[in-house]
Amino acid sequence: MKLGFLSIDPGTILFTLANTLILFLGLKHFLFKPVNKILEERQTAVDQTLRDAEDARDRAETAETEYREKLDKAKEESAELMRNATRKAQKRSDEIIAKAKADAAGIMQQNAEELEREKRRAEHELRGEVSGLAVMVAEKVVGREINPEDHARLIDEFIDSVGDVQ
Amino acid sequence: MAILAIPKVLQGPEELSVDGPKVIKTFDIFGFQINFTETVVLEWIVIGVILLAAFLLTRNLKVRNVSKRQAIAEMAVEAITNLVRDTMGKRWLWFTPYIASVFCFSIFGSLISLFGVRAVTSDFSVLLSWAAVTFILITATKIRYGGIGGYLKGFVDPIPVMLPINILSEVSTPAAMALRHFGNIAGGSIIMGLIYYGLANLSHMIHLQVPVLTVGLPAVLSLYFDLFSDFMQAFIFIMLTMVFISNAGPADDEAPQTN
């Protein structure tokens, strides 16, 4: 038996409604629930990742600023150190040079004094010898003994008249 | 004289009849005659296929490294969810599985005719059931947002003389939906039947034992009458359902917060 082409059959309507309800519940349970759950989980994961990335970026920015400050400070310090060291070195070298000059001057003076002393002594010795020689010569000439003490003035005059040693 | 007996199945259609679905069994429940027709059996097959597909597509769902199956399932769910959200608004999102159900039911119910059986959707009762659901939801939405009084007052709006016309328009909405879908699919199947029948007769007229003329042309026409028309009608049906139901209530932003 067949129904008419455009028949309205209550049985088919009831069965179709029931079948549609079954399909609705089935799709909801087997397709929409699991897929939506996964989509939500992924959304959560993506949000979390984004948050993490933002945090990391913030941290990196903070760290960068910090490091830049530290670097600037370090540069300043090193420059300061360099300046100090240069100044100290300059000072030290100046001191050394001054001391060397002073030392050199002292040594020169000392040498000059020594020389002078040496000269005097030599002069003195020479004078003694010459005076002895003169006495000897005079004794030979005069033929008698001459007392050096008595004739010191005479001898000196002689020497002076003979001429300067220098 | 035919030396070879051509099997009957290869001889093409011998007759063309336009009728409804076969009644397999009739139950007598409290004096009501409840028919169990071939449409219902085909519905079960269609539901089984859809649910099996849904079940297989959603095995081993993962948040990362999605498989192709999962990608298909996600795309389908997102597409239909976006369609419902765009057409009906956010408060109707719970309705998405129903729209998906009717869409799949309609498409597969129409496409099952490709296997040589009656299309589920060429049974007017089936379309009438879905249209009835739409009608009930339209009415429920109107009552929910306008109250019983507001709903009844709508029938005598703007003047009481309009009452019959308003009732007609209210009833014609689901009736037109059901008839449009039914007419397209059933009409398409009749046209395809006529074409097959005509080409088979033409083949016999020029003394061909096997109706070879039925090869070719029907396949091309079937692309329209079976594939395109099936998708179009399913889509039109769910679009009309969504538009009519969401228009029965206020626009989304004016809706009072429920749930």
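A crossing of two helices is called right-handed if the near helix is turned clockwise from the far one by less than a right angle. Keep that in mind as you move through this predicted model.

Begin by selecting helix H1 of chain A, residues 10-142, together with helix H3 of chain B, residues 96-111. Their axes come within 9 Å and cross at roughly 115°, and because of that angle H1(A) counts as roughly perpendicular to H3(B). As you turn the view, you can follow H1(A) as it passes H3(B) in a right-handed crossing. To see the contact itself, show the side chains of A:Thr20, A:Leu23, A:Phe24, A:Leu27, A:Lys28 and A:Phe32 on H1(A), and then, on H3(B), those of B:Thr96, B:Pro97, B:Tyr98, B:Ala100, B:Ser101 and B:Phe105. Coloured by class, these residues divide into eight nonpolar, three polar and one charged.

Next, keep H3(B) selected and add helix H1 of chain B, residues 38-57, whose axis comes within 10 Å of that of H3(B) and crosses it at roughly 120°, which makes H1(B) oblique to H3(B). This crossing, too, is right-handed. Here B:Val46, B:Val49 and B:Ile50 of H1(B) meet B:Cys104, B:Phe105, B:Phe108 and B:Gly109 of H3(B), a contact with six nonpolar residues, one polar residue and no charged ones.

Finally, select the whole contact between the chains, which takes 37 residues from chain B and 35 residues from chain A. On the side of chain B that touches chain A, H1(B) gives the most, with eight residues, and that side as a whole has 23 nonpolar, nine polar and five charged residues.

Conventions. Residues are numbered from 1 along each chain as its sequence is written. Chains are lettered from A and ligands numbered from 1 in the order in which they are written. This is a predicted model: local features need pLDDT of at least 70, side-chain atom pairs count only at pLDDT 80 or more; totals for chains, interfaces and linings use all residues. Axes are lines fitted to C-alpha atoms, for helices over the stretch in contact, and angles run from 0 to 180 degrees between N-to-C directions. Helices (H or I, at least four residues) and strands (E, at least two) are DSSP runs, numbered from the N terminus. Angles under 35 degrees count as roughly parallel, over 145 as roughly antiparallel, 65 to 115 as roughly perpendicular and the rest as oblique. Two residues are in contact if their C-beta atoms, placed from the backbone, lie within 7 Å. Ala, Val, Leu, Ile, Met, Phe, Trp, Tyr, Cys and Pro count as nonpolar, Asp, Glu, Lys and Arg as charged, and the others, Gly among them, as polar.
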